[in-house]
Amino acid sequence: MKELIQLARTTLSQKAYLPFSVYSSVKEQYILNVPIVKPLLIFVLDGEKNLGEKSEIVCPSGSFIFLSNSSTIDMRNIPCGHEYFAILIEFDYEDFKQFEGEQLKAQQYLLGETNAILEKSLHQFIEWSLFAPEEIWSMRKQELLQVLSHLGYGVYSMAKKGSKFSHRLHDMISANLTQDLTIDVFCSQLGMSESTLRRRLKAEGSSLQEIKDKTKLGHGLHLIQTTNDPIGIIADKCGYHSQSRFTDRFKQCFGVTPSALRRTRMPD
C-alpha cells in the first residue's frame with residue numbers, strides 16, 4: 001500500500017483535477033451526517049475507517065468499502081501509527097449500465113479486501129489519470145467496476161437507487177454552487193409546476209432546502225478535506241457569503257467546525 005500512497009501523492013502534486021480524491025489526516029476525524037449522493041468507492045490504504053453511529057462497519061488498512069447513495073452516514077477516520085490515508089472514487093449512475101441485466105437486491109455497502117488484482121488495477125487507474133482527458137474518465141471507472149464484478153462483488157447493487165428525483169436537483173445545484181437558485185428556476189429547467197416538484201420531493205422524504213444544504217455543505221466538507229484554501233474562500237465557493245454562517249451550518253451538520261477538521265490534517 002505504501003507504493004500506492006506515494007503514487008497518489010506524486011500524482012496530486014502534478015495535477016489538481018483528477019478522477020479520484022485523497023483524504024488523509026494525522027489525527028482522528030469524527031464527522032457526522034456525511035452525505036453520500038452518488039456511489040462512492042473508498043480504498044483505505046493506511047489507518048482505519050469506521051462507519052455508522054456506533055462504528056458498526058470497520059474498514060482496516062488494505063480494505064475497500066463501496067457505498068451506495070444514502071441520506072447520511074457517520075464516519076470516523078483513524079490514523080494507525082503515521083496517518084489515515086484513503087482514495088475515493090465517485091461514480092455516476094451511467095457507469096453501471098453495463099450491469100443492468102443483473103438481478104441484485106439493493107445494498108447500502110460492499111466491503112472487501114484490496115487484493116493484488118485490485119491493487120494493480122488501482123495503481124493503473126492513478127497512473128493513467130495523470131494524462132487522460134476528462135472525457136474518458138468514465139471508461140476507466142467502468143473498468144474498475146468490471147474488476148470488482150469479476151472478483152464476485154455485486155456492484156450493480158450500488159446503483160439501484162440512481163433514479164431518485166432529488167439526484168437531478170443535486171446535479172443542478174452542484175453546477176451552480178455560488179448561486180441560490182429559486183424554486184422557479186428548478187421548475188423552469190425541469191418543465192414542471194412548483195406543486196409537482198414539491199410533491200415528488202415529499203415522496204422521497206426530502207425538501208429543496210435540505211438538498212441545497214446537503215449539496216453545498218457536502219462540497220465544503222470535500223474542500224476542507226482536500227485543499228488548503230482559507231475557510232472564507234471555501235465558504236464563498238459553496239455559496240455562503242458569510243464565513244461565520246458557513247461555519248455555523250457546517251458545525252450543525254457535521255458536528256465539527258471547518259477549522260477543527262482542518263487541524264486534524266496537520267501535525268502539531
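1. A quick definition before the tour: the helices and strands named here are DSSP runs, with at least four residues for a helix and at least two for a strand, numbered from the N terminus. Keep in mind too that this is a predicted model.

2. Let's start with a pocket, the second largest one, which has a volume of about 290 Å³. It is lined by 17 residues, and those closest to its centre are Ser70, Ser71, Lys164, Ser166 and Lys214. Which elements each supply at least two residues of this lining? They are strand β7 (70-78) and the helices α4 and α7 (208-226). Helix α7 gives the largest share, with 4 residues. As for character, the lining of this second largest pocket splits into 9 polar, 5 charged and 3 nonpolar residues.

3. Next, have a look at strand β8 (residues 84-90). Is this strand largely enclosed or open? Of its 7 residues, 6 are buried, so β8 is largely enclosed by the rest of the structure. Two pairings are worth tracing here. With strand β1 (residues 21-25), β8 pairs in the antiparallel sense over 5 bridges, and in that pairing you can find Ser24 opposite Phe85 of β8. With strand β3 (residues 40-46), β8 again pairs in the antiparallel sense, over 6 bridges. There, Val44 stands opposite Ala86 of β8.

4. The hairpin of β4 and β5 is a nice place to practise reading a strand. β4 (48-51) and β5 (57-60) flank a loop, and the two strands pair in the antiparallel sense over 4 bridges. Asn50 sits opposite Val58 in β5. In a regular strand, side chains alternate between the two faces of the sheet. β5 shows that alternation: Ile57 and Cys59 point to one face and are buried, while Val58 and Pro60 point to the other and are not.

5. Stay with that hairpin for its backbone. It has 5 residues between the strands, and Gly52 takes a positive phi near 105 degrees. Ser55, placed in the loop between β4 and β5, has a positive phi as well, near 55 degrees, even though Ser55 is not a glycine. That deserves a second glance because most residues other than glycine have a negative phi.

6. Asn33 is another one to check. This residue is not a glycine, yet its phi is positive, at about 55 degrees. Where does Asn33 lie? Its place is in strand β2 (residues 29-36). With a relative accessible area of 29%, Asn33 is partly exposed, because that value falls between the 20% and 50% cut-offs.

7. On to the aromatic side chains, where the count comes to 10 pairs. One of them joins Phe64 and Tyr153 edge-to-face, with 5.1 Å centre to centre and 80 degrees between the planes. This pair links distant parts of the chain: Phe64 belongs to strand β6 (residues 63-67), Tyr153 to the loop between α3 (137-150) and α4 (165-174), and they are 89 residues apart. Phe64 has a relative accessible area of 1%, so it counts as buried.

8. Two further aromatic spots are easy to find in the viewer. Tyr240, Phe246, Phe250 and Phe254 form one aromatic cluster. Elsewhere, the charged end of Arg76 sits over the ring of Tyr30, 4.0 Å from its centre.

9. Finally, some distances between residues far apart in sequence, all C-alpha to C-alpha. Ala132 lies in the loop between α2 (116-129) and α3 and, at 2% relative accessibility, counts as buried. How many residues separate Ala132 from Leu18 in sequence? They are 114 residues apart along the chain and 9.2 Å apart in space. Gln146, in helix α3, is partly exposed at 41% relative accessibility. Gln146 and Phe96 are 50 residues apart in sequence and 9.5 Å apart in space.

10. For contrast, try Ile136. This residue is placed in the loop between α2 and α3 and is partly exposed, with a relative accessible area of 30%. Ile136 and Ile87 are 49 residues apart along the chain, and their C-alpha atoms are separated by 19 Å.

Definitions and conventions. Residues are numbered from 1 along each chain as its sequence is written. This is a predicted model: local features need pLDDT of at least 70, side-chain atom pairs count only at pLDDT 80 or more; totals for chains, interfaces and linings use all residues. Side-chain values use heavy atoms; hydrogens and water are left out. Buried means under 20% relative accessible area, exposed over 50%, partly exposed in between (1.4 Å probe, protein chains only). Rings of Phe, Tyr and Trp (its six-membered ring) pair if their centres lie within 6.5 Å; planes under 30 degrees apart count as stacked, over 60 as edge-to-face and the rest as tilted. A charge sits over a ring if NZ of Lys or CZ of Arg is within 6 Å of the ring centre and within 35 degrees of the ring normal. On a 1 Å grid over the protein atoms alone, a cavity is a set of points where a 1.4 Å probe fits but cannot get out, and a pocket is an open set with protein on both sides within 12 Å along at least five of seven lines; lining residues have an atom within 4 Å of a point. Grid points are joined across faces, edges and corners, and a volume is the space filled by probe spheres set on the points. Ala, Val, Leu, Ile, Met, Phe, Trp, Tyr, Cys and Pro count as nonpolar, Asp, Glu, Lys and Arg as charged, and the others, Gly among them, as polar. Two strands pair if DSSP finds at least two bridges between them.
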